[in-house]
Amino acid sequence: MTKRALITGLTGQDGSYLAELLLSKDYEVYGLRRRSSSFNTGRIDHLLNDFRHDKNAKLFLEYGDLADASSLARLLYRLHPDEIYNLGAQSHVHVSFEMPEYTGDVTGLGSVRILEAVRESGVRATIYQASSSEMFGSEPPPQNENTPFHPRSPYGCAKVYAHHIAVNYRESYGMHVSNGILFNHESPRRGENFVTRKITQAIARIHCGLQKKLYLGNLDAKRDWGYAPEYVEAMWMMLQQDTPDDYVIATGETHSVREFVIEAFAHAGLDWEKHVEIDPVYYRPAEVDNLRGDASKARVKLGWTPKVGFDELVRIMVDADIESLEERLRRGEEYIKSS
Ligand code: NAP
Ligand code: G4F
């Protein structure tokens, strides 16, 4: 029988790749869409177009919001999904310092609203909660499932709450809820204000003569960066297990922001030192200095291993941004901006 999945955060980076994965497995996919004054479906328009005017459509968008419990409950009663992926969040760490309460509401309480809607409706779904390596904060690497949490941002604190409440619902009500503690994962669909994509988009603009300078914050922070399409496979694998559990998903390698900059500019044949400047506006009140995950448990129990390494990830992102900008310029869509 066709399986039905509900994804919150469908319009984000991970939601779009997960939808592709589930559609390729013949799922019926329902996604939460926030009301917005402008279109927010750019990452999934190619999928929606596939189903335009198709009576056998398998991808559906539903208005709702993680801050609005009644919209979530209504969806659960109506859809009865087999699998729920809670990916929706105010996911930007720096922004969370400016909007701590909102971040706590959506990223933290949003998870308990989903869990309560499942419990109240009696839907027997397996549930994925998007936990984060940001929860480890200042704990030294390598971080695994037994590493204590020491969040360093309102976002990290909200994710710790969401993580613990997921475990609590598993233990209290026997619900099949799994936490994926994912380390940073990137792609050409990464949000434009996360550091990797900010760098690769700027490189494309510099390459095309539209920009001269790129302003960044802390170049010394280290992250364990993987490739997003591989990480959504791990989410799906978690929900196919007989018993729910928590898993770290990571590459096991760490690189500084400076290394990402050097590698990315070199790939485009540019001298980074001529273009990159530091602007303290991008420093955070508290920083997470060094993340490197140990995903042994996922390798053994799920059979999940990452394939795309750091250099390849950088190349994929730089090439995609240059190609996409050149195409837009050919079509005359890009207007000249200088920085
Ligand atoms: P993203 O690109 O920022 O996408 C976030 C999604 O959440 C978007 O679809 C967004 O909708 C939606 N959203 C925001 N506020 C919402 C609200 N109030 N109600 C409903 N939906 C809302 O994030 P991502 O990189 O795909 O990450 C997916 C999840 O994994 C997030 O929970 C993130 O915190 C977590 N995570 C990410 C990483 C990573 O490295 N990418 C690592 C660990 C954990 P709009 O499109 O309308 O903005
Ligand atoms: O790309 P970032 O904004 O990602 P960050 O803070 O690691 O958070 C991402 O990964 C988490 C998993 O660990 C997710 F849970 C979260 O949702 C998000 O996807 O920043 C990476 C590093 C930071 O140390 C930051 O200080 O890059 C440094 N950085 C330096 N200059 C910058 C900049 N970050 C941003 N966004 N913009 C800069 O100009």
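Is Glu83 buried or exposed? In this predicted model, Glu83 is buried, with a relative accessible area of 2%. Its charged side chain is paired: Glu83 forms a salt bridge with Lys3, and the closest N and O atoms are 3.2 Å apart. Glu83 belongs to strand E4 (residues 83–86), whereas Lys3 sits in the segment before strand E1 (4–8), so the salt bridge ties together parts that are 80 residues apart in sequence. The two partners fall into separate accessibility classes: Glu83 counts as buried at 2%, while Lys3 is partly exposed at 33% relative accessibility. In general, side chains of opposite charge can pair when their charged atoms come close.

The pair of Glu83 and Lys3 belongs to a set of 17 salt bridges found in a search of the whole structure. A second example is local in sequence. Arg119 forms a salt bridge with Glu116, with 2.7 Å between the closest N and O atoms. Both residues lie in helix H5, and because they are 3 residues apart there, about one helical turn separates them. Arg119 counts as partly exposed at 34% relative accessibility, and Glu116 is likewise partly exposed, at 24%.

A third salt bridge joins the side chains of Arg223 and Glu287, at an N to O distance of 3.4 Å. Arg223 is part of strand E9 (residues 222–223), and Glu287 is part of the loop between strand E13 (276–278) and helix H10 (296–302), so this pair ties together parts that are 64 residues apart in sequence. Both side chains belong to buried residues: Arg223 has 8% relative accessibility, and Glu287 has a relative accessible area of 14%. Beyond such individual pairs, Asp245, Lys297 and Lys301 are joined into one network by salt bridges that share partners.

The binding site of ligand 1 was examined next. Ligand 1 is surrounded by 26 residues, of which Thr11, Arg34, Asp65, Ser91 and Tyr155 are the closest. By class, this shell is made up of 10 nonpolar, 11 polar and 5 charged residues. Several secondary-structure elements contribute: helix H1 (13–24), helix H5 (100–121), strand E5 (126–132) and helix H6 (154–173) each supply at least two residues. Strand E5 gives the most, with 3 residues. Helix H5 thus appears in two contexts, as a supplier of shell residues and as the helix that holds the pair of Arg119 and Glu116.

Polar contacts to oxygen atoms of ligand 1 involve several side chains. An N or O atom in the side chain of Thr11 is 2.6 Å from an oxygen atom of the ligand. For Tyr155, the distance from a polar side-chain atom to a ligand oxygen is 2.5 Å, and for Lys159 the corresponding value is 2.8 Å. On its own, ligand 1 has 910 Å² of accessible area, and the protein covers 90% of it.

Tyr155 also takes part in the surroundings of Ser96. Ser96 lies in helix H4 (residues 93–98) and counts as buried at 0% relative accessibility. The side chain of Ser96 reaches two backbone atoms: the oxygen of Val93 at 2.6 Å and the nitrogen of Tyr155 at 3.0 Å. With neighbours within four places in sequence left aside, Ser96 is in contact with Gln90, Thr103, Ser153, Pro154 and Tyr155. Tyr155 therefore has a backbone atom that pairs with the buried side chain of Ser96, and Tyr155 has a polar side-chain atom 2.5 Å from an oxygen of ligand 1.

Ligand 2 is surrounded by 23 residues, and the closest are Ser132, Ser133, Tyr155, Arg284 and Glu287. Tyr155 is also listed among the closest residues of ligand 1, and Glu287 is the salt-bridge partner of Arg223. The shell around ligand 2 divides into 9 nonpolar, 8 polar and 6 charged residues. An N or O atom in the side chain of Ser133 is 2.6 Å from an oxygen atom of ligand 2. Two arginines also make polar contacts with oxygen atoms of this ligand: a polar side-chain atom of Arg190 lies at 2.9 Å, and one of Arg284 lies at 2.5 Å. Taken alone, ligand 2 exposes 710 Å², of which the protein buries 95%.

Conventions. Residues numbered from 1 in each chain as written. Chains lettered and ligands numbered in written order. Predicted model: local features only at pLDDT ≥ 70, side-chain atom pairs only at ≥ 80, totals over all residues. Heavy atoms only, no water. Near = heavy atom within 4 Å. Polar contact = N/O pair within 3.5 Å; in protein donor to acceptor, adjacent residues only side chain to side chain. Areas by Shrake-Rupley, 256 points an atom, 1.4 Å probe, with all protein chains shown as cover. Helix = DSSP H or I, 4+ residues; strand = E, 2+ residues; numbered from the N terminus. Nonpolar A, V, L, I, M, F, W, Y, C, P; charged D, E, K, R; others polar. Buried < 20%, exposed > 50% of the residue type's maximum accessible area, 1.4 Å probe, protein only. Contact = heavy atoms within 4.5 Å. Salt bridge = Lys/Arg side-chain N within 4 Å of Asp/Glu carboxyl O.
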